[in-house]
Amino acid sequence: MIKRLKYHEIDFEKYTQCLENSAQRKYSATKQFLDISSDKKWELLVYKNYEAVMPVPYVFKSGIKIVHNPMLCQQLGIFSREDNVEINEQFLNFLEKNYLIRIYTFNEFNHFKTSLNSKKNFLILPDNYETVYSKYSPKRKRKLRLDEEVVKNSEIKNINFSQAESFIKENFLGADKEEDVDSFITIFKNMFEANCLSFSAFYLNQRIINIIVTYFDDFTVALLGTFNDKESVKVSGASTLIDNCIKENIKTKIFDFEGSELPNVEEFFRGFRPELHPYHLIEYSKKDIIKKLLSLKFIMKL
């Protein structure tokens with residue numbers, strides 16, 4: 001019932017049609033986003049004749065293929081005209097049985113009989129900007145009332161990748177290794193060149209003090225990164241950039257904050273009064289992966 005297709009075997013026309021007509025559509029599952037974020041290291045599980053699909057990204061560790069969500073790719077999962085718990089369970093079982101898994105995230109619309117862990121995401125759904133702004137917290141509204149001196153000496157600009165690169169590198173937080181920063185930068189560069197990524201900068205006294213990075217398509221604007229000069233945090237440039245992006249897009253597009261498990265980041269996002277949209281995931285430790293790998297090798301010898 002479920003087929004496993006390697007990248008070169010996928011009918012991308014059927015895949016895209018299934019995704020775009022699905023009840024669970026997510027920008028992060030589009031071919032363009034997945035190709036760039038995973039460097040085309042993904043395959044596909046297909047139910048019947050593309051009635052439901054599930055993209056499966058992977059990495060190689062010591063020559064072993066391991067399922068792992070790519071950088072900047074928050075949600076994947078199962079896509080179909082209607083979310084079906086029974087079919088979702090079939091996909092989940094197939095994934096667990098046939099792959100070594102580090103982390104795989106489903107989308108907010110996927111439901112299961114199996115109990116799974118969840119993470120938080122925050123969205124603002126399309127509406128009039130005035131209505132959206134009226135729901136901001138009092139603290140967020142205060143932060144958006146910039147001092148007269150700041151207003152006089154600041155501006156917001158959309159900039160290109162080369163203008164943003166050095167500032168992002170200098171103010172990158174949360175990456176464990178230097179090569180991880182390089183990987184993020186490469187993804188940003190490739191998405192910008194594919195014309196689906198925007199860098200918005202807050203200038204104060206003709207100097208960049210904040211940048212937000214947003215991915216966009218016809219339905220969604222997703223906040224993929226916020227970078228701040230730590231000496232200028234009190235100016236509230238990041239809040240101003242996000243508010244400006246919401247103002248420009250919220251009439252017709254979802255604004256996706258991309259969630260966070262960090263309390264201070266979550267508090268910052270909640271100031272915009274987004275809706276909480278949790279999603280499920282499966283995650284295994286390196287120890288679990290080694291155990292499963294050893295058991296599979298033992299079974300193969302029998």
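1. The sheet. Seven strands make up an open sheet with mixed pairing, and their order is β9-β10-β11-β12-β13-β8-β14. The edges are taken by β9 (154-159) and β14, each of which has a single partner strand, so one side of each is left without a neighbour in the sheet. Please bear in mind that this is a predicted model.

2. The helix on the sheet. Helix α9 (residues 237-249) packs on this sheet and touches β8 (122-124), β9, β10, β11 (207-216), β12 (220-228) and β13 (254-256). The direction of α9 makes about 35 degrees with that of β11.

3. Pairing of β9 with β10. Strand β10 covers residues 197-204 and pairs with β9 in the antiparallel sense, over six bridges. Two of the facing positions can be named. Ser-154 stands opposite Leu-204 in β10, and Asn-158 stands opposite Ser-200 in β10.

4. Pairing of β10 with β11. These two strands also run antiparallel, and eight bridges join them. Leu-204, which faces Ser-154 in the pairing with β9, stands opposite Arg-207 of β11. The hairpin of β10 and β11 has two residues between the strands, and there Asn-205 takes a positive phi near 55 degrees.

5. The two faces of β10. In a regular strand the side chains alternate between the two faces of the sheet. In β10, Leu-197, Phe-199, Ala-201 and Tyr-203 point one way, while Ser-198, Ser-200, Phe-202 and Leu-204 point the other way. Are these residues buried or exposed? Eight of the eight residues of β10 are buried, and the strand is described as mostly covered. The serines Ser-198 and Ser-200 are therefore buried along with Phe-202 and Leu-204 on their side, since each has under 20% relative accessible area.

6. Aromatic pairs. The model holds 24 aromatic pairs. One of them joins Tyr-136 and Phe-272 edge-to-face, at 5.2 Å centre to centre and with 85 degrees between the planes. This pair links distant parts of the chain, with the partners 136 residues apart. Tyr-136 is in the loop between α4 (129-134) and α5 (138-144), and Phe-272 is in the loop between α10 (263-270) and β14 (275-276). Both rings belong to buried residues: the relative accessible area is 3% for Tyr-136 and 1% for Phe-272.

7. A further partner of Phe-272. Phe-268 and Phe-272 also form an edge-to-face pair, 5.8 Å centre to centre and with 85 degrees between the planes. Phe-268 counts as partly exposed, because its relative accessibility is 23% and the cut-off for buried is under 20%. Which residues do the ring pairs link into a cluster? The cluster consists of Tyr-129, Tyr-133, Tyr-136, Phe-255, Phe-257, Phe-268, Phe-269 and Phe-272.

8. Charges over rings. The charged end of Arg-4 sits over the ring of Tyr-99, 4.1 Å from its centre. Lys-65 lies over the face of Tyr-58, and here the distance to the ring centre is 4.4 Å.

9. Positive phi between β2 and β3. The loop between β2 (42-47) and β3 (52-61) contains Lys-48, and Tyr-50 is found in that loop too. Lys-48 has a positive phi of about 50 degrees although it is not a glycine. For Tyr-50, likewise not a glycine, the positive phi is about 60 degrees. As for accessibility, Lys-48 counts as partly exposed at 40%, whereas Tyr-50 counts as buried at 10%.

10. Ser-80. This residue is placed in strand β5 (residues 79-80). Ser-80 counts as buried because its relative accessibility is 8%, under the 20% cut-off. What does the side chain of Ser-80 reach at 2.8 Å? The side chain of Ser-80 makes that approach to the backbone oxygen of Glu-82. Leaving aside residues up to four places away in sequence, Ser-80 touches Ser-22, Ala-23, Gln-24, Glu-51 and Ala-52.

Note on methods:
Residues are numbered from 1 along each chain as its sequence is written. This is a predicted model: local features need pLDDT of at least 70, side-chain atom pairs count only at pLDDT 80 or more; totals for chains, interfaces and linings use all residues. Side-chain values use heavy atoms; hydrogens and water are left out. Rings of Phe, Tyr and Trp (its six-membered ring) pair if their centres lie within 6.5 Å; planes under 30 degrees apart count as stacked, over 60 as edge-to-face and the rest as tilted. Helices (H or I, at least four residues) and strands (E, at least two) are DSSP runs, numbered from the N terminus. Buried means under 20% relative accessible area, exposed over 50%, partly exposed in between (1.4 Å probe, protein chains only). A charge sits over a ring if NZ of Lys or CZ of Arg is within 6 Å of the ring centre and within 35 degrees of the ring normal. Two strands pair if DSSP finds at least two bridges between them. Contact means heavy atoms within 4.5 Å. Axes are lines fitted to C-alpha atoms, for helices over the stretch in contact, and angles run from 0 to 180 degrees between N-to-C directions. A polar contact is a pair of N or O atoms within 3.5 Å; within protein, one must be able to donate a hydrogen and the other to accept it, and residues adjacent in sequence count only if both atoms are side-chain atoms.
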